[in-house]
Structures are given as C-alpha cells and as structure tokens.
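Me: Could you take a close look at the sheet in this protein for me? I'd like to know how its strands are arranged and what lies around them.

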Amino acid sequence: MFQGETAITIDDKGRLAVPTVYRDVVARECAGRLVITYNPFESGSLYLYPQAAWERLRDQVNALPKAKAVNRAMQLKLVGAAAFVELDGNGRISIPASHRSAVGIEKKAVLLGMGDKFELWSEQAHHAQIRQTISDEDLSAELLDLQL
C-alpha cells in the first residue's frame, strides 16, 4: 500500500530517487520493477504500477472492445505507452524522456502514493490540482457517506 506525497527532483538523465520508505517494498514486492504509463484521466501526470497490478490492469484494458474509440484511446494511453522501469543500485528509476515531455515533468515533480500505484505529477500540474476545491455540486452519494 503506497500513500503520501513526496517532492522529487529529476536529474539531468531523467532519473528520480524512489523515496527510501518505498524502496524496500518496491525491491521486495515488485522485484525492483515498476511499469510507467500515462494517466488517461488527468494531464500532467504518469502512473507507476507494480508489475503484478499492472498485468491485471493491462489484461482488462486489452480485453475492451476495440470498436469503441474511447477503448482504443485507453489502450493507447495505458498499454501502448507502458514502459518497464527498474531500480538501479542507488534506488533510482529512469523516466523515459517521451513520458516526461508529454506531461511536462522537468526538474521538479511530486510522487504520490495512491494505494496500489504511484502517480508522478509535474510540479505545476500537482499544484493546480491541489488548489482546486470540491464544491457541494461535485459531491456524489459515495462522497457524502464519508466520515471526514
């Protein structure tokens, strides 16, 4: 279970150091491998999945009927853009340049633990998301049931 927010610096080679709190879990539970792909719902961020969680999602997405444009878009953004990344000896992973460029990640980013995966956000996109508030009109029945 991943949770929490960490400010991350991306080096000149596109590498980021996985926070030490997650490093052992990624090494042990994921054999040091993650799968990186685009967030199909929000611009400015990438998803990072443990391999086992990724394979389940990949199979579900690939099973969607290809006759629908929205399904093909989901397959393109999730499966077509997926890349394996592996922890190096210093606990870093390399984020592909194409992925960084597409979502606007430069030197500063934010890594969020989101339960079964990580989200890697450009600093600007993350700040924009955090500044948005949830209004009464946005509240679904599920949100109204939360005991915050």
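**A close look at the sheet**

Reply: Happy to. In this predicted model, six strands make up an open sheet, and their order across it is β1-β7-β8-β4-β3-β5, with antiparallel pairing. The two edges are formed by β1, residues 2-9, and β5, residues 83-86, each of which has a pairing partner on one side only. From one strand to the next, the twist averages 25 degrees. As general background, strands of a sheet pair through backbone hydrogen bonds, and this can be parallel or antiparallel.

Let's go to the β5 edge. Its partner there is β3, which covers residues 33-38, and the two strands are joined by four bridges in the antiparallel sense. If you want a place to start in the viewer, find valine 35: its bridge partner in β5 is phenylalanine 84.

Next, look at what lies over this part of the sheet. Helix α2, residues 51-62, lies across β3, β4 and β5. The strand β4 spans residues 45-50, and α2 runs at about 110 degrees to β4.

There is also some enclosed space to look for. The model has one cavity of 30 Å³ or more, and the space in the largest cavity is about 30 Å³. Around the largest cavity you will find Leu16, Val18, Leu34, Leu48, Ile93, Leu111 and Phe118. By class, that lining has seven nonpolar residues, with no polar and no charged ones.

Finally, here is the setting for the sheet. The whole protein has six helices and eight strands, and along the sequence they follow the pattern β-β-α-β-β-α-α-β-β-α-β-β-α-α. The C-alpha trace spans about 45 × 40 × 30 Å along its principal axes. The radius of gyration is 16 Å, which agrees with a compact globule, because one of 148 residues would have a value near 15 Å.

Note on methods. Residues numbered from 1 in each chain as written. Predicted model: local features only at pLDDT ≥ 70, side-chain atom pairs only at ≥ 80, totals over all residues. Heavy atoms only, no water. 1 Å grid on protein atoms, 1.4 Å probe; cavity = no way out; pocket = protein on both sides within 12 Å on 5 of 7 lines; lining within 4 Å. Points joined across faces, edges and corners; volume = space filled by probe spheres on them. Nonpolar A, V, L, I, M, F, W, Y, C, P; charged D, E, K, R; others polar. Pairing = 2+ DSSP bridges. Axes fitted to C-alpha atoms, helices over the stretch in contact; angles between N-to-C directions. Contact = heavy atoms within 4.5 Å. Rg over C-alpha atoms; globule rule 2.2 N^0.38 Å.
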